[in-house]
Amino acid sequence: MKKIVLLLFTTVFMLSADSLLVGAGGGYKKPISAVIDNLKKEGANIDGAFANLGQITIQAKEGKMAIIVGDEAFLNKTNLDIKGYERIGKGALVLVTPKNKTIKDVNDLKNLNRIAMPDPKKAIYGIRATEFLQNANLKNNLSAKILPVAGVPQIVAYVINNEVDAGFINPTEAKAKKDEFGSIIYINESLYNYVYISAAKLKACENNALCEKFINELKSDRSKEIFAKFGLK
């Protein structure tokens, strides 16, 4: 019996040492998945988990996640044991509208009825959208019109399906779905804190060769092309 238990323990250890779980905010699923797919083609056993960053950090506290890709400022406020960062690029807050609806600038928000934004307690762009509304003196006038949802992917679906009049998202989704929006407005960066997107290395990253391989892949030319394509520069 002891031999069987020892064998099972060894097998689990070997599997965990030869695999990697990367978490990321749902708004960055496309570029991070593309990076992971390039490594998988080379035989690397890497998986991705995607949700709003609040949900991802909860999963990370279980100790199985080695890397989280997200907003540095948000991650710095968690109690995760972060061993270091690899900065990927800078994000931006973007306002989009359905295909059949166009607006000239953010001042037109007062003429809209339903405006979607990511959950400001858990999602990067919900926090930034809240900062923008406060700094632009729009929060009080628009509070009754704001519809908080889980994250960027859900907002994109709401906008495309014409269920809301506008939504705050990131440049990754704005570029990926540009032909499906009526207006795409980049919010003045002076009205919210910068969004620095980085890969945070967690404790599970230690002594894991795949973790170092993933971090190095983020620095590669092919990954930089992916990030630029999705608006991360």
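Which residues of strand E8 (residues 166-169) are buried on one side, and which on the other? I opened the notebook with this point, working on a predicted model.

**Entry 1. Strand E8**

I looked up the two faces of E8 and found both covered. Ala166 and Phe168 are buried on one side, and Gly167 and Ile169 are buried on the other. I noted the general pattern beside this entry: side chains in a regular strand alternate between the two faces of the sheet.

I then looked for the strands that pair with E8. Strand E5 (residues 94-98) runs antiparallel to E8 and is joined to it by three bridges. I recorded Ile169 as the bridge partner of Val94 in this pairing. Strand E6 (residues 115-118) runs parallel to E8, with two bridges between them. Here Ile115 stands opposite Ala166, and Ala116 stands opposite Gly167.

**Entry 2. Strand E6**

I turned to E6 itself and asked which way its side chains point. Ile115 and Met117 point one way, Ala116 and Pro118 point the other way, and all of them are buried. E6 also pairs with E7, in the parallel sense and over four bridges. Within that pairing I recorded Pro148 of E7 as the bridge partner of Met117.

**Entry 3. The nonpolar core**

I next searched for the largest nonpolar core and found that it has 74 residues. Ile67, Leu109, Phe168 and Phe214 have the most contacts inside this core. The element that gives the most to the core is H5, with six residues.

I followed Leu109 further. Leaving out residues up to four places away in sequence, Leu109 touches Leu95, Ile115, Phe132, Leu138, Leu142, Lys145, Ala166 and Phe168. Two of the residues on that list, Ala166 and Phe168, are those I had found buried on one side of E8. Ile115 of E6, which is buried, is also touched by Leu109.

**Entry 4. Helix H7 and the loops beside it**

Which residues of helix H7 (residues 152-160) are buried? I recorded Val152, Ile155, Val156 and Val159. Viewed down the axis of H7, these buried residues fall within an arc of 105 degrees, so they line one face of the helix. The general rule noted beside this is that an α-helix has 3.6 residues a turn, so residues three or four places apart point the same way.

Before H7, I checked Ala150, which is found in the loop between strand E7 (146-149) and H7. Ala150 has 34% relative accessibility and therefore counts as partly exposed. Apart from neighbours within four places in sequence, Ala150 is in contact with Asn52, Asp119 and Ala123. I also took the C-alpha separation of Ala150 and Glu212, which is 31 Å, with their positions 62 residues apart along the chain.

After H7, I checked Asn162, in the loop between H7 and E8. Its phi is near 65 degrees, a positive value in a residue other than glycine. Asn162 counts as partly exposed because its relative accessibility is 40%.

**Entry 5. A second positive phi**

I noted Asn207 alongside Asn162. Asn207 is not a glycine, yet has a positive phi of about 60 degrees. Asn207 is found in the loop between strand E10 (195-201) and helix H9 (209-218). Is Asn207 buried or exposed? With a relative accessible area of 83%, Asn207 is exposed.

**Entry 6. Aromatic rings**

I searched the whole structure for aromatic pairs and found three. One of them is formed by Tyr28 and Tyr125, with 6.3 Å centre to centre and 45 degrees between the planes, and is tilted. This pair links distant parts of the chain, its residues being 97 residues apart. Tyr28 lies in the loop between strand E1 (20-25) and helix H2 (29-40), whereas Tyr125 lies in helix H5 (residues 124-135). I found both Tyr28 and Tyr125 buried.

Lastly, I looked for charged side chains over rings. Arg87 lies over the face of Tyr196, at 4.0 Å from the ring centre. Lys90 lies over the face of Tyr194, at 4.3 Å from the ring centre.

Conventions. Residues numbered from 1 in each chain as written. Predicted model: local features only at pLDDT ≥ 70, side-chain atom pairs only at ≥ 80, totals over all residues. Heavy atoms only, no water. Phe/Tyr/Trp six-rings, centres within 6.5 Å; stacked < 30°, edge-to-face > 60°. Buried < 20%, exposed > 50% of the residue type's maximum accessible area, 1.4 Å probe, protein only. Lys NZ or Arg CZ within 6 Å of the ring centre and 35° of its normal. Pairing = 2+ DSSP bridges. Core = buried A, V, L, I, M, F, W, Y, C linked by side-chain atoms within 4.5 Å. Contact = heavy atoms within 4.5 Å. Arc of directions from axis to C-beta.
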